[in-house]
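Here is a set of exercises to work through with the model open beside you. Try each task yourself before you read its solution.

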Amino acid sequence: MKIVLLFLLCFVPLLSPAFEPSKIFGTNDMLAVNSEATNIPLKYKSLVNAFGLMSISCTATHIGNGYVLTAGHCFWVGSELAQDLPCGEITIEWGVRQGLPAYLKSTCERVLFAQRSTTNDFAIIKVFPVPEAFVEVELSRRAVASDSLTLFSHPQELPLRWSGTCTVETNLDPLLSPTTLQHKCDTNPGSSGATILDAATNRIVGIHNGGRATAQGTGMNYGTFTTNPELLTALKSLGFN
């Protein structure tokens with residue numbers, strides 16, 4: 001088992017775009033969120049305890065009642081929708097910020113739904129204990145070009161970083177699927193699974209999956225829309241609407 005795991009880890013860059021080198025466009029806009037979250041816009045302050053640092057080097061978001069969103073590739077799932085997988089060895093630390101340790105550590109009870117295909121890269125997991133904060137999910141409106149976005153994540157397993165704001169991009173990267181949510185909010189390895197928020201409503205409109213950036217600043221970051229049928233159906237089956 002250890003030999004197989006080492007083999008997989010050696011080939012992570014080939015299997016998972018989200019583990020590529022940094023995806024920074026222009027200047028690096030990622031800001032370390034301070035312990036009181038006073039260095040970010042006030043409208044986001046109530047959300048910061050809903051973001052979690054996963055023990056598998058991904059970022060997670062609590063969406064209520066112990067349900068958590070992240071990326072499917074964090075669990076090595078394939079193109080077929082996977083359901084009810086064990087995950088008890090995985091933990092999530094909530095509220096880790098600059099100078100502030102986690103206020104809660106949860107264990108993953110089950111991976112309820114997960115998929116990684118050309119159009120979807122998501123996982124919904126159930127955790128316990130349940131975090132105190134959560135972020136609402138947008139299921140009725142698909143994000144469209146020029147919508148303002150924002151993103152919080154744990155790149156390189158660091159305390160929480162805020163990527164500032166960006167927009168839904170219309171200049172589609174030819175190497176990425178046109179069905180993905182494309183954006184240029186800065187990310188780094190470990191940002192995989194971070195939720196992409198509508199910067200105006202604070203509701204989740206996507207899940208960050210990966211990206212590519214060249215030395216010339218071209219390329220794009222991308223994610224899965226929350227309104228994609230498979231993810232939408234899964235969330236509605238859990239009572240979200």
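The exercises below go from disulfides to salt bridges, strands and nonpolar cores.

This is a predicted model, in which local features need pLDDT of at least 70 and side-chain atom pairs count only at pLDDT 80 or more, while totals for chains, interfaces and linings use all residues. Residues are numbered from 1 along each chain as its sequence is written, and side-chain values use heavy atoms, with hydrogens and water left out.

**Exercise 1. Find the disulfides (pairs of cysteine sulfur atoms within 2.5 Å) and state how the bonded cysteines pair along the chain.**

Solution.
Step 1: Count them; there are three disulfides in the structure.
Step 2: Number the bonded cysteines in sequence order, and the pairing reads 1-2, 3-4, 5-6.
Step 3: Check the sulfur distances, pair by pair.

- Cys58 and Cys74: 2.1 Å between the sulfur atoms.
- Cys87 and Cys108: 2.0 Å between the sulfur atoms.
- Cys166 and Cys185: 2.1 Å between the sulfur atoms.

**Exercise 2. For each disulfide, work out its handedness, its place in the chain and its burial.**

Two terms help here. Helices (H or I, at least four residues) and strands (E, at least two) are DSSP runs numbered from the N terminus. Buried means under 20% relative accessible area, exposed over 50%, and partly exposed in between, with a 1.4 Å probe and protein chains only.

Solution.
Step 1: Take Cys58 and Cys74. The torsion about their S-S bond is about -100°, so this disulfide is left-handed. Cys58 sits in the loop between strand S2 (51–54) and strand S3 (59–64), and Cys74 in the loop between strand S4 (67–70) and strand S5 (82–86), so the bond ties together parts 16 residues apart in sequence. Both Cys58 and Cys74 are buried.

Step 2: Move on to Cys87 and Cys108. Here the S-S torsion is about -85°, so the link of Cys87 and Cys108 is left-handed. Cys87 belongs to the loop between S5 and strand S6 (91–94) and Cys108 to strand S7 (residues 104–116), so parts 21 residues apart in sequence are tied together. Both Cys87 and Cys108 are buried.

Step 3: Finish with Cys166 and Cys185. With -100° about the S-S bond, their link is left-handed. Cys166 lies in strand S10 (residues 161–167) and Cys185 in the loop between strand S11 (181–183) and strand S12 (195–198), so this pair ties together parts 19 residues apart in sequence. Both Cys166 and Cys185 are buried.

**Exercise 3. Which residues does Arg203 meet in salt bridges, and what do they form together?**

Side chains of opposite charge can pair when their charged atoms come close. A salt bridge is a side-chain nitrogen of Lys or Arg within 4 Å of a carboxyl oxygen of Asp or Glu.

Solution.
Step 1: By this rule the count is six salt bridges.
Step 2: One partner of Arg203 is Glu136, with the closest N and O atoms 2.6 Å apart. Glu136 lies in the loop between strand S8 (121–128) and strand S9 (148–153) and Arg203 in the loop between S12 and strand S13 (204–213), so the pair ties together parts 67 residues apart in sequence. Glu136 is partly exposed, at 43% relative accessible area.
Step 3: Glu138 also forms a salt bridge with Arg203, the closest N and O atoms being 3.1 Å apart. Glu138, in the loop between S8 and S9, is 65 residues from Arg203. At 13% relative accessibility, Glu138 is buried.
Step 4: Put the bridges together: shared partners join Glu136, Glu138 and Arg203 into one network.

**Exercise 4. Is strand S14 largely enclosed or open, and which strands pair with S14?**

Solution.
Step 1: Seven of the seven residues of S14 (residues 219–225) are buried, so S14 is largely enclosed by the rest of the structure.
Step 2: Look for pairing, which requires DSSP to find at least two bridges between two strands. S11 runs antiparallel to S14, with three bridges, including His183 to Asn221. S13 and S14 are also antiparallel, joined by seven bridges; among them is His208 to Gly223.

**Exercise 5. How many residues does the largest nonpolar core have?**

Solution.
Step 1: Apply the rule: a nonpolar core is a set of buried Ala, Val, Leu, Ile, Met, Phe, Trp, Tyr and Cys residues joined through side-chain atoms within 4.5 Å.
Step 2: The largest such core has 31 residues, and those with the most contacts inside it include Val33, Ile63 and Phe152. Its largest share, four residues, comes from helix H3.
Step 3: A second, separate core of 20 residues includes Phe75, Cys87, Cys108 and Val111.
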